[in-house]
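Trainee: I am new to this structure and would be glad of a close look at a single part of it. Could you take me through one stretch slowly, and then show me what else is worth noting around it?

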Amino acid sequence: MRRIARWFIGKGTVLALVFAARFSLADDAPPPEEIDNPLLPNAYRVVEKVISGGLPEGDEAFAALKKLGIKTIISVDGAKPDVATAKKFGLRYVHLPHGYDGIPAERGRALAKGVRDLPGPIYLHCHHGKHRSPAASAVACVAAGLLPADSALGVLQAAGTSENYRGLYQSAREARRVPDETLDQLVVEFPETAKIPALAGAMVEIEHAFDNLKVFQAAGWKPLPKQPALDPAHEALLVKEHYHELLRRPEVRREPASFQQILRDGEKAAESLETALRAWLKAPAATPPEEIGRAFTEVDFSCATCHRQFRDVPLGEKQKR
């Protein structure tokens, strides 16, 4: 494009200056701009129309989105969106979830049509705003022609996306512009809430309960002033029960034996954590006993092993198995 622009400039045409200015903007996209608002975790403006970030929770977070001028919220998280609160603030919710293993081509095109055609500005989020939403924002904006392809990886890097999510990086690396004609002809439903497979839904619940445990662990297993109703032993119980119910499901029994063993290990570790927490909470000493830290580490290890071996494997590698 720059070569063509230089040719026009050589001819001395006025059109050359307009052409060169237009394409210099497209070729030199500014880096994502961080939005410093604790109500919107890890929020970055990817392009003028699209902000990537974490889950908005509660009236104050949705009010913050409203103040930013947001018109549409797109969730790529597996959890059910808070449609009711969004509507209270006049915001539309769209649910287009995808996994940590990458963004399938069909979902990438749907996201591209969404960021191009839905009312903006758009807030595109996952749970933490660090992994799936930056990847989805990058892929969608490149495909819709809002972001140069060579700027896609910069979105993930700015948001702090872990390099362990190889599928997400691969999706961003391979993102390409989709012709407007293709997006025009694409028929996409933009549901408020998408139907999630039972296995994926259970994994979402485990992740949320374990996130609560991580907050307790960082606080020395003491009560959380901002979430006084939460109890660490109960959160460990939830993790244990989710693992237990997963192991009863027919689709899990069809999974590899190694996957089932990871779930059994996770259930056992969560049970140990619950037992240790309940014993300590009956007569808490100044310092939590080592059993709590050891059991928590085992639960964490089980989750990390499952993610590494199954959840985060890039889509292309899964298809070769």
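Mentor: Let us begin with Gln227, which has its place in the loop between helix H10 (198–218) and H11; please keep in mind throughout that this is a predicted model. At 35% relative accessibility, Gln227 counts as partly exposed, because that value lies between the limits of 20% for buried and 50% for exposed. Although Gln227 and Asn212 are 15 residues apart along the chain, their C-alpha atoms are separated by 9.8 Å.

Following the chain onward brings us to helix H11, which covers residues 232–248. At the start of H11, the backbone nitrogen of Ala233 has a side-chain oxygen of Asp231 within 3.3 Å. The length of H11 can be checked by simple reasoning: at 1.5 Å a residue, its 17 residues should span 24 Å, and the C-alpha atoms at its ends are 25 Å apart, which agrees. The buried residues of H11 are Pro232, Ala233, Glu235, Ala236, Val239, Lys240, Tyr243, Leu246 and Leu247. In reading that list, it helps to know that an α-helix has 3.6 residues a turn, so residues three or four places apart point the same way.

For another helix, turn to H4 (residues 83–88), where Thr85 is found. Thr85 counts as buried because its relative accessibility is 13%, and the limit for buried is under 20%. The side chain of Thr85 also makes a polar contact, at 2.7 Å, with the side chain of Asp82.

The interior can be looked at as well, since rolling a probe the size of a water molecule over the atoms shows where empty space is left. A search of the whole structure finds one cavity of 30 Å³ or more, and the largest cavity has a volume of about 30 Å³. Its lining is made up of Pro32, Tyr44, Val46, Ser52, Pro134, Val155, Ala158 and Ala159. Strand S2 (43–47) and helix H7 (152–159) are the elements that give two or more residues to this lining, and H7 gives the most, with three residues. Sorted by class, the lining has seven nonpolar residues, one polar residue and no charged residues.

Finally, consider the cysteines Cys126 and Cys141: Cys126 is buried, with a relative accessible area of 2%, and Cys141 counts as buried at 0% relative accessibility. A search of the whole structure for disulfides finds zero.

Methods: Residues are numbered from 1 along each chain as its sequence is written. This is a predicted model: local features need pLDDT of at least 70, side-chain atom pairs count only at pLDDT 80 or more; totals for chains, interfaces and linings use all residues. Side-chain values use heavy atoms; hydrogens and water are left out. Helices (H or I, at least four residues) and strands (E, at least two) are DSSP runs, numbered from the N terminus. The expected span of a helix is 1.5 Å times one less than its number of residues. Buried means under 20% relative accessible area, exposed over 50%, partly exposed in between (1.4 Å probe, protein chains only). A polar contact is a pair of N or O atoms within 3.5 Å; within protein, one must be able to donate a hydrogen and the other to accept it, and residues adjacent in sequence count only if both atoms are side-chain atoms. On a 1 Å grid over the protein atoms alone, a cavity is a set of points where a 1.4 Å probe fits but cannot get out, and a pocket is an open set with protein on both sides within 12 Å along at least five of seven lines; lining residues have an atom within 4 Å of a point. Grid points are joined across faces, edges and corners, and a volume is the space filled by probe spheres set on the points. Ala, Val, Leu, Ile, Met, Phe, Trp, Tyr, Cys and Pro count as nonpolar, Asp, Glu, Lys and Arg as charged, and the others, Gly among them, as polar. A disulfide is a pair of cysteine sulfur atoms within 2.5 Å.
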